[in-house]
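Subject: Structure handover

Hello,

As agreed, I am passing the structure on to you, with my notes after it. Please look through the model first and then read on.

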Amino acid sequence: SFSFQKIFAKIKNTTIREKKVFALGLVEFQNLDKIEEKYGFAKRIKAVDGFAKLLLNNFRSSDLIGHFDDNILIIVLKDQTAIFLQFVLGRFFEELQTSDIFKEIECIQIGLKAGISEFPKFGKSLNHLISLSEKALVAAKNDEKSVIKIAEFSDEALINNQEICLVDDDV
């Protein structure tokens with residue numbers, strides 16, 4: 001079986017060879033704890049299953065989706081920009097709001113927040129892209145109006161991103 005890091009390294013190396021891009025996003029589902037408190041663990045699992053079904057409808061089989069942390073998924077869209085991932089997640093968020101899957105969960109707003117980065121524009125390693133996406137996710141969580149934030153490109157990112165090469169162990 002392949003680990004996330006090995007699959008990521010393969011995607012990254014293919015992207016470099018083909019001179020393309022990919023987007024990496026961290027997506028946090030909101031209010032799962034409230035669902036569990038009010039309805040129990042079984043409803044929380046049902047909500048997570050509902051998220052998974054909706055994700056399958058919105059992403060390609062070639063996209064990489066994995067579990068990152070408690071309520072957070074990591075998503076890698078090959079050959080796509082951060083702006084495109086923002087669009088796809090926006091569409092997913094709209095579908096989430098109107099889904100029949102969550103009709104049983106009354107009075108709890110199901111939502112998501114996301115932070116997105118892009119290779120090679122914002123970073124060259126998995127750790128750097130994740131770090132930038134985490135910062136964007138925190139910014140989205142602190143912004144009541146915005147659901148999805150793209151990482152901010154800074155001079156620091158430019159300095160840290162001077163050399164992009166085929167290396168499997170820099171993930």
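In what order do the elements of the protein run from the N terminus on? The order is α-β-α-α-β-β-α-β-α-β-α, which comprises six helices and five strands. Please keep in mind that this is a predicted model, so everything below is computed from predicted coordinates.

Overall figures

The protein has 171 residues, and 43% of them count as buried. Its accessible surface comes to about 9,600 Å², with 52% of that belonging to carbon and sulfur atoms. Taking contacts between residues at least 6 apart in sequence, 74% join residues that are at least 24 apart.

The sheet

The five strands form an open sheet in the order β2-β3-β1-β4-β5, and the pairing is mixed. At the edges stand β2 and β5 (148–150). Each of these has a single partner strand, so one side of each has no neighbour in the sheet. From one strand to the next, the twist averages 20 degrees.

Strand β3 has pairings with two strands that I looked at in detail. With β1 it runs antiparallel, and seven bridges join the two. Leu24 has Val76 in β3 as its bridge partner, and Ala23 stands opposite Leu77 in β3. With β2 (residues 64–69) the pairing is also antiparallel, over five bridges. Here His67 has Leu73 in β3 as its bridge partner. The connection from β2 to β3 is a hairpin through two residues.

Is β3 enclosed by the rest of the structure or left open? Six of its seven residues are buried, so β3 is largely enclosed.

Helix α4 lies across four of the strands, namely β1, β3, β4 and β5. Its direction is at about 165 degrees to that of β4.

The cores

In soluble globular proteins, nonpolar side chains tend to be buried together. In this model, the largest nonpolar core has 24 residues. Those that touch the most other members are Phe29, Phe59, Ile75, Leu85, Leu89 and Leu112. Two or more residues each come from β1 (22–30), α2 (32–39), α3 (41–58), β3 (72–78), α4 (82–98) and β4 (111–119). Which of the elements gives the most to this core? That is α4, with six residues.

Leu85 is worth selecting in the viewer. Leaving aside residues up to four places away in sequence, Leu85 touches Ala23, Leu24, Gly25, Phe59, Ile75, Leu77 and Ile116. A second core, separate from the largest one, has 15 residues. Among them are Phe8, Phe22, Ile74 and Ile130.

Aromatic pairs

How many aromatic pairs does a search of the whole structure find? The search finds four. One of them is Phe8 with Phe22, which is edge-to-face, with 5.5 Å centre to centre and 90 degrees between the planes. This pair links distant parts of the chain: Phe8 is in helix α1 (residues 4–17) and Phe22 is in strand β1, 14 residues apart. Both Phe8 and Phe22 are buried.

Another pair is Phe84 with Phe87, which is tilted, at 6.1 Å centre to centre and 40 degrees between the planes. Phe84 and Phe87 are three residues apart in helix α4, so about one helical turn separates them. Phe84 has a relative accessible area of 33%, so it counts as partly exposed; the buried class is under 20% and the exposed class over 50%.

Ring pairs also link Phe8, Phe22 and Phe119 into a cluster.

The loop after β3

One residue here may be useful to label. Gln80 lies in the loop between β3 and α4. Its C-alpha atom is separated by 8.6 Å from that of Glu118, although the two residues are 38 apart along the chain. Not counting residues up to four places away in sequence, Gln80 touches Val21, Phe22, Ala23 and Arg60. Two of these contacts bring back residues named above: Phe22 is part of the edge-to-face pair with Phe8, and Ala23 is opposite Leu77 in the sheet.

Regards

Notes. Residues numbered from 1 in each chain as written. Predicted model: local features only at pLDDT ≥ 70, side-chain atom pairs only at ≥ 80, totals over all residues. Heavy atoms only, no water. Buried < 20%, exposed > 50% of the residue type's maximum accessible area, 1.4 Å probe, protein only. Contact = heavy atoms within 4.5 Å. Areas by Shrake-Rupley, 256 points an atom, 1.4 Å probe, with all protein chains shown as cover. Core = buried A, V, L, I, M, F, W, Y, C linked by side-chain atoms within 4.5 Å. Pairing = 2+ DSSP bridges. Phe/Tyr/Trp six-rings, centres within 6.5 Å; stacked < 30°, edge-to-face > 60°. Axes fitted to C-alpha atoms, helices over the stretch in contact; angles between N-to-C directions.
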